[in-house]
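Reader: Hey, could you take me through one aromatic ring pair in this protein, slowly? I'd like to see how it sits in the whole thing.

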Amino acid sequence: MKNLRNISTKTFLLLGGMVLGLTGCTEDDNTIDQGEPVITSQSLKMDLSQFKRDDSGVFMQAFYWDVEPKGGWYDQVSSQVEDWANSGINRIWLPAPGKGASGGDSMGYDPMDYFDVGEFSQRGDSNVETRFGSRSELENLINLSHQNGIEVIADIVMGHNSGGGLQTNPFRGGDEVYSLFDETNGNASGKFNRTNEHFHPNDIHQEDEQDEFFAETDLCHDQQYVQDWLWGRDDSVAAFYKNTLGFDGWRFDYVKSFGPQWVKAWNDKIGGFSVGENFDGNQQVLKDWVDASGSPAFDFACFYRLDETLDRAQDLTALGEAGNMLRKLDPSNAVTFTANHDTEKNPNPDDRISYANKLLAYSYILTHDGYPTVFYLDYQAFKGQLKTLIEIYNTLAVGDIEIIEASKDEYIMKRGGNGDNPGLILYMNISNQTKQFDVTTNWANKTLVDYTDNSRATPTTDANGNTTIYAPAGSYSIWSVTK
């Protein structure tokens, strides 16, 4: 949201580099002192490509707040698509593509002309591009992504509008409101012109049943005209984005500002992958919205549990509690994440996961069920480690979940695998010393290895699958069998 502080790429990368220096493979002295056996070669690892799942793939948020360079973001993303595809990314989420009220500075969350994706001069501004680039650069990015097997998801802001012309609103006692959108007032495309009757209040009702955001220009979706232009017509916003530009799905912004039935109506008409931003840490609120909309949702409950356990409480016990995340209630509709454009610019440390604990959080979402999201700046800062975790998610992270331990310093979880896929064991350790734990695995008489290389141990299981596993201080390990 607008009142949150921006963190520059340069600052993030510097901090990320500091974290990498602190969390690299520097555990040898500690682990040897504590008697951990030392591996002789990581060549014991299996080739994980043999276990790649048919439903494999990880979501990438392909932007951050106030991206640079202005006008060149689509080309910047295009330069990285091939690497992301090779890393196991199957979808990327782009910012809202339409022209915003703040023109070349807009991040898309002040939508003005939904059909101007970098083609028109608006309100006397000679620059036709959006902050992200031109229409042709957007279409080139979408085509390139498709060539690399990646779907492209558009951010849809349909709760509120910005940047129209002043108009007297009789439903607001004659006050002037910026609710006139036409060819000379912020809607140069000439499509989906709007007046005060299309916002709240109007002749249908005073307000949405949901939270209003920018109340004076809060779109009324009960108006048939609004429904038709957003998704109903053959030349609607949704049809233009999907059938003409080539988008494959939707991220619905701030869904608290309109009813879930409108997301369902959009998806029923247009189709494609979708996910809603229901900014709420209550897992049941998220589940109720998923059930009403028929759409997956970002798992804010999971995000806040990770922030709480890793940063605020510094106690992993809550990760073992039943039902306190959307992914525990409805994993097939939970889109998990550790950061996004809003959380990373939030000055309140209680609303974001610290850099020092980012990889621990990613080790959680990239081994559990749910559909995990990687944030652009995190990938830039932790590229090597995230590539490894994404590969593990796309291969070994299968089967039933069993929580072995959830205590102050330690969280240990087992994925049961299926068929020839052996599954994995995640060991998170937030203490300041190397930890070890006796576990019963599904693997009898097998040598194990940590597929993240954070531990160099090679423990061996007995005939009953029992062994001891290790995790470095303030880090994690992910165990499975050797080849």
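Author: Sure, and one term up front: a residue counts as buried when its relative accessible area is under 20%. Keep in mind that this is a predicted model. By that cut-off, 58% of the 483 residues of the protein are buried. The radius of gyration is 24 Å, and a compact globule with 483 residues would have one near 23 Å, so the two agree. Along the principal axes, the C-alpha atoms fill a box of roughly 80 × 40 × 40 Å. The chain forms 14 helices and 19 strands.

Now for the rings. Aromatic rings pair if their centres lie within 6.5 Å, and that rule gives 30 aromatic pairs here. Let's zoom in on phenylalanine 115 and phenylalanine 240: their ring centres are 5.5 Å apart and their planes meet at 40 degrees, so this pair is tilted. Phenylalanine 115 is in the loop between β4 (111–113) and α5 (135–147), while phenylalanine 240 belongs to helix α7 (residues 237–245), so the pair ties together parts that are 125 residues apart in sequence.

Are these two buried or exposed? Phenylalanine 115 has 3% relative accessibility, so it counts as buried. Phenylalanine 240 has 10%, so it is buried as well.

For the wider setting, look at contacts between residues at least 6 apart in sequence: 67% of them join residues at least 24 apart. Ring pairs also build a cluster whose members include Phe59, Trp93, Phe300 and Tyr371.

Note on methods. Residues are numbered from 1 along each chain as its sequence is written. This is a predicted model: local features need pLDDT of at least 70, side-chain atom pairs count only at pLDDT 80 or more; totals for chains, interfaces and linings use all residues. Side-chain values use heavy atoms; hydrogens and water are left out. Helices (H or I, at least four residues) and strands (E, at least two) are DSSP runs, numbered from the N terminus. The radius of gyration is taken over C-alpha atoms; the globule rule is 2.2 Å times the number of residues to the power 0.38. Buried means under 20% relative accessible area, exposed over 50%, partly exposed in between (1.4 Å probe, protein chains only). Contact means heavy atoms within 4.5 Å. Rings of Phe, Tyr and Trp (its six-membered ring) pair if their centres lie within 6.5 Å; planes under 30 degrees apart count as stacked, over 60 as edge-to-face and the rest as tilted.
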